[in-house]
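Good morning, colleagues. Please look at the sequence and the structure on the screen, and I shall then take you through the sheet, one residue and the pocket.

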Amino acid sequence: MAAHFFPRDEYYMRLALREAERALEHDDVPVGAIVVRDGEVIGAGHNERELREDPTAHAETIALREASRALGSWRVLESVLYVTLEPCTMCAGAIVLARVPRVVFGTWDPKAGAAGSVLDVLAEPRLNHRPEVAGGLLAEECADQLRAFFAGRRG
């Protein structure tokens, strides 16, 4: 995948990184996501699996729910989803179902990534929607945030 980034992408990924920090308040894995449409953040989320005791409370699903409410539609069209970690299979499926046109993620997830690492749900030609995907934006900063979290848990 050839990553193609636009000038504002870094700004929005930094907002997603800040959102990821909020997960630390309740001892969740620091992953953050935002949905942007027409230059405005219409959805934001961070992992809340521990907080909600809900395996589906990933940053992307929370951000997509918020964006859907803001738009009054399950279709999150004309938007970009920024997430600090490559989406998992569940989140990639939600992105496809929400018809998000573009996804930008930070670091790759070699254990559960579904945008090219383990699987590539977002590029699956048999599905009815395939968003444009750009991975690796601020990858080191995103990975460092995750490494610091897990180092603290092991140490």
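Let me begin with a definition: two strands are said to pair if DSSP finds at least two bridges between them. Please also keep in mind that this is a predicted model.

With that term in hand, consider the hairpin. S1 and S2 form it, with two residues between them. In the turn, aspartate 38 has a positive phi of about 50 degrees. The pairing of S1 with S2 is antiparallel and extends over six bridges. Within this pair, isoleucine 34 stands opposite alanine 44 of S2.

The hairpin belongs to a wider arrangement. Five strands make up an open sheet with mixed pairing, in the order S2-S1-S3-S4-S5. At the edges are strand S2, residues 40-46, and strand S5, residues 132-135, each of which pairs on one side only. From one strand to the next, the twist averages 15 degrees. As general background, the strands of a sheet pair through backbone hydrogen bonds, in either a parallel or an antiparallel manner.

Strand S1, residues 32-37, also pairs with S3, again in the antiparallel sense, here over four bridges. Valine 35 has leucine 81 as its bridge partner in S3.

Is S2 mostly covered or mostly uncovered? S2 is mostly covered, since five of its seven residues are buried. Helix H3 lies across S1, S2 and S3, and runs at about 145 degrees to S2.

I turn now to a single residue. Threonine 84 lies in strand S3, which spans residues 80-85. Its relative accessible area is 1%; buried means under 20%, and therefore threonine 84 counts as buried. Leaving aside residues up to four places away in sequence, which residues does threonine 84 touch? Among them are Met13, Ala16, Leu17 and Ala20, together with Pro30, Val31 and Gly32. Threonine 84 also touches Gly106, Thr107 and Cys142.

Finally, the largest pocket. The space within the largest pocket is about 490 Å³. It is lined by 21 residues, and those closest to its centre are Val29, Leu85, Asp109, Leu146 and Phe150. By character, the lining comprises twelve nonpolar, two polar and seven charged residues. Which helix gives the most to this lining? That is H5, with five residues. Helix H3, residues 59-71, and helix H5, residues 139-154, each supply at least two residues of the lining. H3 thus appears twice in this account: across three strands of the sheet, and in the lining of the largest pocket.

Note on methods. Residues numbered from 1 in each chain as written. Predicted model: local features only at pLDDT ≥ 70, side-chain atom pairs only at ≥ 80, totals over all residues. Heavy atoms only, no water. 1 Å grid on protein atoms, 1.4 Å probe; cavity = no way out; pocket = protein on both sides within 12 Å on 5 of 7 lines; lining within 4 Å. Points joined across faces, edges and corners; volume = space filled by probe spheres on them. Nonpolar A, V, L, I, M, F, W, Y, C, P; charged D, E, K, R; others polar. Buried < 20%, exposed > 50% of the residue type's maximum accessible area, 1.4 Å probe, protein only. Contact = heavy atoms within 4.5 Å. Axes fitted to C-alpha atoms, helices over the stretch in contact; angles between N-to-C directions.
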